[in-house]
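Reader: I would like to go through this model and ask how each label was earned. Please put the structure up and pick a place to start.

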Amino acid sequence: MQGYPNVSFTGLDIVKLAPDLAQYGIDWHFVQHDLRRLPLPFADQEFDFIFVKDTVLCAKGVGLEVNPLSGLKQYLKPGGTIEVWESDLVFRCLLPYSSTTSKPVESENVQARETATYTISPETSFAKAQNRFLRDYDMWAEKALDRLGITAAPCALMGLAFSSELETYDGVGSRRIAIPFGEIRWERDGLVGMRPNPRKSNPNTISTTPPGLTPDQISIRQGILNTVLGLIEGLEPLLMKESGKQQDEWDRWWAGFNADLLERDGAINGECLEAGAWWARRRE
């Protein structure tokens, strides 16, 4: 952590996937532990900063899905910060027109322009996925996760969890973004923005990125799409059971899904990943 002396890092996961950062001169320790088994192997108030990422699939057993602040606050020092990153497990289409009264801070606008991502506000408009393979997936995933008592859209609930702990925490903040899986039809048509612009013929649109995507922006979207395909592949046993397909039927569906998204602009209607970050500071 640049600018802070005597910093050490501790990672926790059910399997040891993280590289050994100690070989790079970092004060790094890894603890192999199942997050669902409480208490965690740490002392009370051990950490100045706690970072939690993508735990929605394991959180049901420990109550983190309901409120990560309650589940982890005993390990956070007074004055320490907790930050949670989550992404939804079902996918929608981002729409181009959003007449908004909420104005993101300028740094968020700059980051959105540089990365060709979209900051989500309460007024941001979405529609159901139009890609037929993603519609299939969404239906099967929602049913399968509901049977397990897991929400498929944690981003919608995380803000409520943070707002319920205001007696313990202050400095609560958040940011949500939508990252398309590829170039969207309405981006190609020049209808890129999410804020009014009186100089445009349509006052509800503004071009926040230059025409076409840069190589770096394309790389971000391809990386997100590959990550999502990996997630879906990991859920194959649950999805195949919910779909009623036999293995050969599933294999044909999966091959068609990959070809449609990777080779045929299957997400051209705006299908995207919705992700968010939430943070708060434990009161002194």
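Author: Let us begin with Asn258, which has its place in helix H8 (residues 247-263). Helices are DSSP runs of H or I with at least four residues, strands are runs of E with at least two, and the numbering goes from the N terminus. This is a predicted model, in which local features need pLDDT of at least 70, side-chain atom pairs count only at pLDDT 80 or more, and totals for chains, interfaces and linings use all residues. Residues are numbered from 1 along each chain as its sequence is written, and side-chain values use heavy atoms, leaving out hydrogens and water.

Reader: Thanks! Why is Asn258 called buried?

Author: Its relative accessibility is 18%. Buried means under 20% relative accessible area, exposed means over 50%, and partly exposed lies in between (1.4 Å probe, protein chains only). As 18% is under 20%, Asn258 counts as buried.

Reader: Which residues does Asn258 contact, leaving aside its neighbours within four places in sequence?

Author: Leu229 and Glu263. Contact here means heavy atoms within 4.5 Å. On the scale of the chain, 76% of the contacts between residues at least 6 apart in sequence join residues at least 24 apart.

Reader: How much of the chain is buried, and how many helices and strands does the chain have?

Author: Buried residues make up 42% of the 284 residues. The chain has eight helices and nine strands.

Reader: What makes strand E9 largely enclosed by the rest of the structure?

Author: In strand E9 (residues 271-282), 10 of the 12 residues are buried, and therefore the rest of the structure largely encloses this strand.

Reader: Which strands pair with E9, and how do you know?

Author: Two strands pair if DSSP finds at least two bridges between them. Strand E8 (residues 169-180) has 10 bridges to E9, strand E4 (residues 76-87) has seven, and strand E5 (residues 92-94) has two. Two bridges satisfy "at least two", so E5 counts as a partner of E9. E4, E5 and E8 each run antiparallel to E9. As for single bridges, Ser174 is partnered with Trp278, Ile82 with Ala280, and Cys93 with Glu271.

Reader: You mention Cys93. Why does Cys93 form no disulfide with the closest cysteine?

Author: A disulfide is a pair of cysteine sulfur atoms within 2.5 Å. The sulfur of Cys93 is 7.4 Å from the closest one, in Cys272, which is too far for a bond. By this rule the structure has zero disulfides.

Reader: And are Cys93 and Cys155 buried or exposed?

Author: Cys93 is at 0% relative accessibility, so this residue counts as buried. Cys155, at 3%, is buried as well.

Reader: How do you know that Glu274 and Arg92 form a salt bridge?

Author: A salt bridge is a side-chain nitrogen of Lys or Arg within 4 Å of a carboxyl oxygen of Asp or Glu. For Glu274 and Arg92 the N to O distance is 2.7 Å, so the pair meets that cut-off. This pair links distant parts of the chain, with Glu274 in strand E9 and Arg92 in strand E5, 182 residues apart. Glu274 is buried at 1% relative accessibility, whereas Arg92 is partly exposed at 34%. The whole structure holds 12 salt bridges.

Reader: What makes Arg281 and Glu284 a salt bridge too?

Author: Their closest N and O atoms are 3.0 Å apart, and that passes the distance test. Salt bridges with shared partners join Asp170, Arg281, Arg283 and Glu284 into one network. Arg281 is partly exposed at 29%, and Glu284 is exposed at 72%.

Reader: Lastly, why do Phe9, Tyr24 and Ile26 count as a nonpolar patch?

Author: A patch is made of residues with over 30% relative accessible area and no salt bridge; like charges are joined within 9 Å, and nonpolar side chains (Val, Leu, Ile, Met, Phe, Trp, Tyr) within 5 Å. Tyr24 has 61%, so this residue clears the 30% threshold and is also exposed. Tyr24 lies in the loop between strand E1 (9-13) and strand E2 (28-32). The three residues together have about 290 Å² of accessible area, from the Shrake-Rupley method with a 1.4 Å probe, where for residues only the protein chains shown count as cover.
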